[in-house]
Amino acid sequence: MTSIAKIQEEILALSEADYLQLKQWFSELDKDEWDRQIEADSNAGKLDFLIAEALEAKEKGTLKNLEDL
């Protein structure tokens with residue numbers, strides 16, 4: 001049995017409360033990784049096109065207010 005299969009088996013054996021706690025922890029871990037990736041992409045200039053698009057929309061008067069969405 002692989003390590004992943006063992007972990008999956010253990011997860012299935014958790015109580016509902018422990019499962020929910022693990023699920024919450026995993027969700028936070030995933031969100032933190034997403035934040036790190038967005039920051040790295042931003043620092044590398046990979047998201048600069050979004051700024052350019054927003055500035056162009058603002059210049060054209062088509063920029064939407066986020067509160068209106």
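**Exercise 1.** Find the element that holds Asp-41 in this predicted model, and decide whether Asp-41 is buried or exposed.

*Solution.* Start with the element: Asp-41 lies in helix 2. Next take the relative accessible area of Asp-41, which is 17%. Buried means under 20%, so Asp-41 is buried. Finally, look for contacts beyond four places in sequence: Asp-41 touches Lys-46 and Leu-47.

**Exercise 2.** Set Ile-4 against Asp-41 by position and by distance.

*Solution.* Ile-4 is found in helix 1, residues 3-12. Its relative accessibility is 54%, and exposed means over 50%, so Ile-4 counts as exposed. Along the sequence, Ile-4 and Asp-41 are 37 residues apart. In space, their C-alpha atoms are 30 Å apart.

**Exercise 3.** Compare the span of helix 2 with the expected one, and state what follows the helix.

*Solution.* Helix 2 covers residues 16-43 and has 28 residues. From first C-alpha to last it reaches 40 Å. At 1.5 Å a residue, 40 Å is expected, and the span of helix 2 is close to that. After helix 2 comes Gly-45, with a positive phi near 85°. As for confidence, helix 2 has the highest mean pLDDT among the elements, 98, while helix 3 has the lowest, 95. The mean for the chain is 95, and 100% of its residues reach 70 or more.

**Exercise 4.** Classify the aromatic pair of the structure.

*Solution.* A search of the whole structure finds one such pair. The ring centres of Trp-25 and Phe-26 are 5.9 Å apart, and their planes stand at 80°. Planes over 60 degrees apart count as edge-to-face, so this pair is edge-to-face. Both Trp-25 and Phe-26 are exposed.

**Exercise 5.** The structure holds four salt bridges. Work through three pairs, including Glu-28 with Lys-31.

*Solution.* Side chains of opposite charge can pair when their charged atoms come close.

- Glu-28 and Lys-31: the closest N and O atoms are 3.9 Å apart, and the cut-off is 4 Å. Both residues lie in helix 2, three residues apart. Glu-28 is partly exposed at 35%, and Lys-31 is partly exposed at 46%.
- Glu-33 and Arg-36: the N to O distance is 3.1 Å. Both lie in helix 2, about one turn apart. Glu-33 is partly exposed at 39%, as is Arg-36 at 46%.
- Lys-60 and Glu-56: the N to O distance is 2.9 Å. Both lie in helix 3, four residues apart. Lys-60 is exposed at 58%, whereas Glu-56 is partly exposed at 43%.

The spacing fits a general rule: an α-helix has 3.6 residues a turn, so residues three or four places apart point the same way.

Conventions. Residues are numbered from 1 along each chain as its sequence is written. Side-chain values use heavy atoms; hydrogens and water are left out. pLDDT is the predictor's confidence in each residue, from 0 to 100. Helices (H or I, at least four residues) and strands (E, at least two) are DSSP runs, numbered from the N terminus. Rings of Phe, Tyr and Trp (its six-membered ring) pair if their centres lie within 6.5 Å; planes under 30 degrees apart count as stacked, over 60 as edge-to-face and the rest as tilted. Buried means under 20% relative accessible area, exposed over 50%, partly exposed in between (1.4 Å probe, protein chains only). The expected span of a helix is 1.5 Å times one less than its number of residues. Contact means heavy atoms within 4.5 Å. A salt bridge is a side-chain nitrogen of Lys or Arg within 4 Å of a carboxyl oxygen of Asp or Glu.
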